[in-house]
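Thanks for making the time this morning. I would like to walk you through one model, so please have the sequence and the coordinates open while I talk.

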Amino acid sequence: MLNRSEIVGKTYSLYAGKTDTNEFYQNLSELCQTFLNYTQSDEEIISIIRKYSSRKRSLKSYRNKPDSIIAKILSEAEPIFSKYLTDIDSHISNLTLTEKCDSTLTTSREQYLLYMIEIEFVNKLNKNKFASSETKFALLPHCLHDLEKECLSYHDGVDYVCKHCSKNCSINSVSKILQQKNVKSYIWREAEIKKIFRIAKSKSENIGVFGIACIPELVNGFRLCTKFDVPAIGVPLDANRCVRWMGDFYPNSVNEKKVLSLLN
């Protein structure tokens with residue numbers, strides 16, 4: 001059985017050498033609470049983070065502007081969250097020219113720090129909105145399935161659905177948690193999210209989305225949902241270990257305690 005502390009991704013691991021990721025979420029919650037002293041609302045701090053995190057090349061320079069909110073956020077986040085990041089600079093320098101055109105693969109250290117905080121505040125902002133949605137569905141990453149067993153999921157016309165074929169599969173356990181909370185789960189392989197949103201809006205359906213993905217992709221998903229006025233919440237994978245990052249699939253996990261707390 002894989003030691004959880006060995007789940008290390010290409011650019012981050014929320015375990016930081018421990019056997020669970022609970023400490024990360026505790027640190028994140030406590031730090032984000034202090035950031036509310038700098039702004040008047042969750043919406044304002046999310047807006048600030050989204051504005052500055054898009055400026056990848058100039059983010060480092062903002063640290064030299066102590067009067068700015070983004071400098072305060074980065075300076076306070078770095079000593080707490082640096083242990084969850086691996087050698088990001090080395091990863092980026094080893095990318096091919098084609099890969100360096102991928103904004104996800106080239107996510108910088110500063111962006112990771114801001115993305116962690118953005119995820120926490122978006123969850124805080126959207127938790128109740130998601131809970132009150134008439135239709136709720138979840139998008140789960142294929143990389144969470146049991147790699148030692150053939151996945152028997154089936155396509156239901158939207159995307160693939162878990163058949164609960166392996167007790168060692170994280171998709172199995174997470175989808176059961178979601179099912180108990182009346183959230184329809186899909187293993188995201190083919191679904192066109194924008195198309196689903198448009199169809200739902202045309203039918204006047206009030207929908208909410210629960211996502212699980214690596215940190216950069218979860219943030220991208222949150223922002224897409226915002227454009228369609230869809231309340232989204234979610235939990236990042238404990239590390240980024242899929243073929244896109246590592247060249248092959250490696251066992252991964254997600255903090256199911258955090259998943260459940262968002263749904264309660």
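I will take one helix and its surroundings, then one strand and its partners, and finally two residues with unusual backbone angles.

Before anything else, please keep in mind that this is a predicted model, and that what I quote has been computed from it.

Let me begin with helix α2, which covers residues 42–53. With 12 residues at 1.5 Å a residue, α2 should span 16 Å, and because its end C-alpha atoms are indeed 16 Å apart, the expected and computed lengths agree. The buried residues of α2 are D42, I45, I46, I48, I49, R50, Y52 and S53, so you will notice a charged pair of names, D42 and R50, in that list as well as the isoleucines. As for what lies over these buried residues, the cover includes α1 (22–35), α3 (59–62), α4 (69–81), α6 (109–131) and α9 (215–227).

Of these neighbours, I would like to look at α4 in detail. How do the axes of α2 and α4 cross? They come within 10 Å and cross at roughly 85°, which makes α2 roughly perpendicular to α4. On the α2 side of this contact we find I45, I48, I49 and Y52, and they meet I69, I70 and I73 in α4. The residues of this contact divide into 7 nonpolar, no polar and no charged.

Now to strand β1, residues 135–141, which is mostly covered, since 6 of its 7 residues are buried. Which strands pair with β1? One is β5, residues 207–213, which pairs with β1 in the parallel sense over 5 bridges, and here L139 has G211 as its bridge partner. Another is β4, which also pairs with β1 in the parallel sense over 5 bridges, with A138 standing opposite S185.

Finally, the backbone angles. Most residues other than glycine have a negative phi, and against that background two residues deserve a look. A16, found in the segment before α1, has a positive phi of about 50° although it is not a glycine. N182, in the loop between α7 (170–180) and β4 (184–188), is likewise not a glycine and has a positive phi, near 60°.

Are these two residues buried or exposed? A16 is partly exposed, because its relative accessible area is 29%, whereas N182, at 64% relative accessibility, counts as exposed, the cut-off being over 50%.

Conventions. Residues numbered from 1 in each chain as written. Predicted model: local features only at pLDDT ≥ 70, side-chain atom pairs only at ≥ 80, totals over all residues. Heavy atoms only, no water. Helix = DSSP H or I, 4+ residues; strand = E, 2+ residues; numbered from the N terminus. Expected span 1.5 Å × (residues − 1). Buried < 20%, exposed > 50% of the residue type's maximum accessible area, 1.4 Å probe, protein only. Contact = heavy atoms within 4.5 Å. Pairing = 2+ DSSP bridges. Axes fitted to C-alpha atoms, helices over the stretch in contact; angles between N-to-C directions. Parallel < 35°, antiparallel > 145°, perpendicular 65-115°, else oblique.
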